[in-house]
Amino acid sequence: MSENSAAEYEQFGPIAVITMNNPPVNGLGLALRSAIVALVDRALADPQVSAIVLTGGEKIFSAGADIREFGEQKQASAPTLHDVIEVVEACSKPVVAAIAGACLGGGLELAMGCHFRVARSDASLGLPEVKLGLLPGAGGTQRAPRLLGVERALNLIVSGEPERAKNFAGTALLDEVVDGSVLDAAVAFARSVVDGKLAPKRARDIKIDDPHAEPLLQFARTTVAAASRQFPAPLQCVEAVGHAVSKRFDEGLRLEREIFMGLMATPESKALRHIFAAERAVSKLPDVPADTPLRDIRRVGVIGAGTMGGGITMTFADAGIPVVLLETKQEALDRGIENIRRNYAASMKKGKLTQAQYDQRLALIEPTLDYAALADVDLVIEAVFEEMSVKREVFGRLDAIAKPGAILASNTSMLDLNEIASYTKRPQDVIGLHFFSPANVMRLLEIVRGAKTAPDVLATCMNLARRIRKTAVVAGVCEGFIGNRMIERYGAASNLLMAQGASPQQVDGALQRFGLAMGPFRMNDLAGLDIASAARKRKAASDPSSQGRVVADVLCEMGRLGQKTGSGWYRYEAGKRDAIQDPVVDTIIEQFRRENGITVRKISDQEVIERCIYALVNEGARILEDGIAARASDIDVVYLSGYGFPRHRGGPMLYADTVGLPNVVRALRRFAAEPGAEAWWEPAPLLVKLAEAGRSFN
Ligand code: 3HC
Ligand code: NAI
């Protein structure tokens with residue numbers, strides 16, 4: 001065997017085997033591309049070699065173009081992926097792709113450039129470029145329709161969803177689907193090609209002759225345009241497949257390339273690529289090495305069977321992890337279990353859960369009133385009332401009963417985790433696990449790292465998050481952590497706009513058109529206005545400088561607590577969630593303006609977006625400055641997975657980068673300079689520093 005850094009070369013009789021070796025996923029970066037070309041040339045030059053097998057081994061073929069090279073010189077340096085595929089396709093000796101594991105994007109395009117393909121039945125074949133806001137740009141849109149037919153290719157390219165190789169058996173995409181070693185099978189296949197003197201089969205030579213192609217494309221254009229308004233890529237995928245039907249192969253390739261380059265420059269693709277990288281970076285902590293030993297989590301305890309405790313219990317039961325659920329009173333415990341039962345029954349009714357799964361999940365939950373039942377759990381999460389005295393009592397009892405090494409977690413949303421940890425003799429085992437409501441549905445989990453939290457506790461919780469299918473982001477200790485600390489400013493900005501002249505509908509509408517799943521007033525109605533109002537009252541009692549009575553407080557006093565009472569900022573009809581404008585609210589707002597001597601002004605949608613989103617960004621910058629979040633992209637992950645921030649914007653921090661930080665700073669300075677403006681409008685020092693240095697968050 002001989003090696004060429006990114007690929008290896010072996011010979012089995014007349015068959016040369018080129019094995020790509022570029023961990024972790026055989027990304028087709030410059031080094032690997034060069035190696036493939038060099039080794040194909042070597043095989044071509046060797047008279048002993050009659051055919052070539054190209055493989056990535058038994059684990060992974062290739063996940064496609066090396067995403068890390070995007071936007072860098074290396075991506076465009078020869079040999080490009082196009083060059084490599086051309087070399088392989090034009091090779092005079094037959095080339096057989098041996099595919100196992102992931103064969104995605106450029107990886108599949110490379111395989112389609114080979115003359116024959118042998119795949120293990122469980123290999124994963126796909127063209128996921130659309131998920132990065134792109135299209136297959138190395139011939140995929142031209143070769144896939146030739147090998148799979150127009151309809152099948154459209155589905156593969158537009159959905160971006162990979163499929164098992166066995167689903168492609170019998171199509172021209174795969175010549176053989178096997179269950180054992182793909183390498184052995186491919187070498188045997190290559191020998192039969194040599195013995196049978198078969199000529200190379202080239203996808204480019206296949207003629208597309210499908211009378212349904214045009215109507216199919218027209219149908220695809222209409223449905224795709226309606227389903228993906230914020231993203232240009234899906235429709236461009238259809239157009240490129242259209243070129244495969246109507247143009248000569250080389251012209252189709254050229255057009256595909258042109259569209260690919262255009263998409264690469266779109267803000268939508270930049271956002272999606274940012275998200276791809278952000279979601280992978282978020283689990284990496286500079287001071288917690290990837291090989292940190294983990295604590296074993298087999299059995300979990302939850303304290304408090306209220307809104308959050310119930311959802312958290314379901315989250316673990318859903319992941320097949322046994323849970324002990326503790327309450328202080330039998331009625332509360334019964335109520336909690338009944339809620340869980342009702343939730344699961346509703347899922348069963350919708351066909352999302354079978355009776356067997358329903359039984360299985362409930363069997364995993366052990367209700368108790370006795371702390372002794374928590375003696376053998378590996379992790380306890382407390383979700384009791386948000387009062388320090390209650391948390392103190394609970395953690396004191398846990399400290400006495402939990403086994404050594406058990407992780408003690410709090411779901412507190414506002415309280416100081418370090419103080420909570422100080423009520424135990426084992427602050428190193430204490431951590432915050434801040435789930436979002438409804439805990440069994442929301443993907444986001446903020447993992448709150450206390451001053452003394454041990455690295456292995458952190459690593460264990462990150463790993464556990466994957467098991468329970470949560471997107472975990474680590475936050476430091478502060479009021480509101482990352483998400484809620486920022487949302488408070490956003491809420492304040494939207495309230496200010498409302499007081500000054502915008503209606504709740506205008507604010508919500510502008511932000512929803514910007515792409516948010518729900519505007520701030522509708523979100524308020526969904527969450528309930530009472531919790532924040534109570535918190536404001538508590539704060540006002542202890543801090544006379546805090547904000548006075550606001551419109552939301554008036555609504556609360558009228559019993560308009562949001563959706564749960566049928567009215568809040570909007571009106572709701574029984575059993576429906578549609579927010580209906582309510583003239584009563586307009587009257588209350590007008591009265592509030594009069595009482596506070598506010599002169600109404602005209603506010604543009606653009607101003608709504610600037611104020612609300614820049615308020616988020618500015619607090620995000622402070623969060624970074626304070627070391628509460630490790631990276632700007634972690635903040636984006638929080639907002640994308642927990643707050644309905646639009647994916648095509650890539651998160652608030654990437655959005656700020658896109659707008660340009662100097663522009664954000666200028667707007668914030670303008671807001672801060674207004675008479676009576678609150679101090680937090682002042683741009684964060686980090687934001688100013690980055691803007692002045694011509695840098696960005698990411
Ligand atoms: N290039 C470079 N690195 C890649 C990569 C790629 N195409 N795909 C994945 N990686 C990296 C990840 O960043 C991660 O790195 P890290 O360990 O430093 O965080 C590592 O590989 C492992 O990735 P995952 O954490 O995602 O591991 P999984 O085992 O869960 O998934 C996978 C593996 C199925 C290959 C998944 O990573 C994936 O779907 N990758 C993206 C594939 C893709 O989108 N390909 C198209 C690329 S664009 C293209 O080919 C353009 C062409 O048409 C011209
Ligand atoms: P909740 O009021 O619905 O439930 C609290 C439950 O704890 C009640 O069932 C109560 O009987 C029980 N309880 C009280 N004292 C107890 C004790 N000493 N031992 C055992 N059980 C006890 O409250 P909710 O909303 O579930 O909140 C719980 C915690 O989760 C709070 O810390 C809150 O800040 C936090 N949180 C709440 C979110 C929400 O949206 N509701 C979101 C994220 C965190």
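Helices, taken as H or I runs of at least four residues, and strands, taken as E runs of at least two, are DSSP runs numbered from the N terminus. In this numbering, Pro79 belongs to the loop that connects helix 2 (73-76) with helix 3 (81-90). The structure described here is a predicted model, and the account below moves from its unusual backbone sites to its sheets and its two ligands.

**Backbone sites**

The peptide bond that joins Ala78 and Pro79 is cis, with omega at about -5 degrees. A cis bond also leads from Pro23 to Pro24, where omega is near 5 degrees, and Pro24 sits in the loop between strand 3 and helix 1 (30-45). Lys197, although not a glycine, has a positive phi of about 50 degrees, and this residue is found in the loop between helix 7 (182-195) and helix 8 (213-227). These sites deserve notice because most residues other than glycine have a negative phi, and most peptide bonds are trans.

A positive phi occurs at a glycine as well: Gly13, in the hairpin formed by strand 2 and strand 3, has a phi near 60 degrees, and this hairpin has 2 residues between its strands. The two strands, strand 2 (residues 7-12) and strand 3 (residues 15-20), run antiparallel and are joined by 6 bridges, with Phe12 standing opposite Ile15 of strand 3.

**The sheet of 3 strands and ligand 1**

An open sheet of 3 strands follows the order 6-8-9 and has mixed pairing. Its edges are formed by strand 6 (102-104) and strand 9 (163-164), each of which pairs on one side only. Strand 6 pairs with strand 8 (residues 124-126) in the parallel sense, over 3 bridges, and within strand 8 it is Gly126 that stands opposite Leu104. Helix 4 packs on this sheet, where it touches strand 6 and strand 8, and its direction makes about 85 degrees with that of strand 6.

Helix 4 also takes part in the surroundings of ligand 1. Of the 23 residues around this ligand, Ala63, Glu109, Glu129, Arg280 and Lys284 come nearest. Ala63 places a backbone N or O atom 2.8 Å from a nitrogen atom of ligand 1, whereas Arg280 has a polar side-chain atom 2.8 Å from an oxygen atom of the ligand. Taken alone, ligand 1 exposes 980 Å², of which the protein buries 69%. Helix 4 (106-113) and helix 11 (267-281) are the elements that give two or more residues to the shell. By class, the shell around ligand 1 has 13 nonpolar, 4 polar and 6 charged residues.

**The sheet of 8 strands and ligand 2**

An open sheet of 8 strands, again with mixed pairing, has the order 13-12-11-14-15-16-17-18. Strand 13 (365-368) and strand 18 (471-475) stand at its edges with a single partner strand each, so one side of each is left without a neighbour in the sheet. From one strand to the next, the twist averages 25 degrees. Strand 15 (residues 407-410) pairs with strand 16 in the parallel sense over 3 bridges, and Ser410 has Gly432 of strand 16 as its bridge partner. Helix 25 (residues 632-642) lies across strand 17 (444-448) and strand 18, running at about 135 degrees to strand 18.

Strand 16 contributes to the surroundings of ligand 2 too. Around this ligand there are 22 residues, of which Met308, Glu327, Glu386, Lys391 and Ser413 come nearest. Asn411 has a polar side-chain atom 2.9 Å from an oxygen atom of ligand 2. Taken alone, ligand 2 exposes 830 Å², and the protein buries 80% of that area. Two or more residues of the shell come from each of helix 12 (307-318), helix 15 (388-401) and strand 16 (430-435), with helix 15 providing the largest share, 3 residues. The shell has 10 nonpolar, 9 polar and 3 charged residues.

The table lists contacts of both ligands that involve a polar backbone atom of the protein.

| Residue | Ligand atom | Distance |
|---|---|---|
| Gly137 | oxygen atom of ligand 1 | 3.0 Å |
| Thr307 | oxygen atom of ligand 2 | 3.0 Å |
| Val384 | oxygen atom of ligand 2 | 3.3 Å |

Methods:
Residues numbered from 1 in each chain as written. Chains lettered and ligands numbered in written order. Predicted model: local features only at pLDDT ≥ 70, side-chain atom pairs only at ≥ 80, totals over all residues. Heavy atoms only, no water. Near = heavy atom within 4 Å. Polar contact = N/O pair within 3.5 Å; in protein donor to acceptor, adjacent residues only side chain to side chain. Areas by Shrake-Rupley, 256 points an atom, 1.4 Å probe, with all protein chains shown as cover. Nonpolar A, V, L, I, M, F, W, Y, C, P; charged D, E, K, R; others polar. Pairing = 2+ DSSP bridges. Contact = heavy atoms within 4.5 Å. Axes fitted to C-alpha atoms, helices over the stretch in contact; angles between N-to-C directions.
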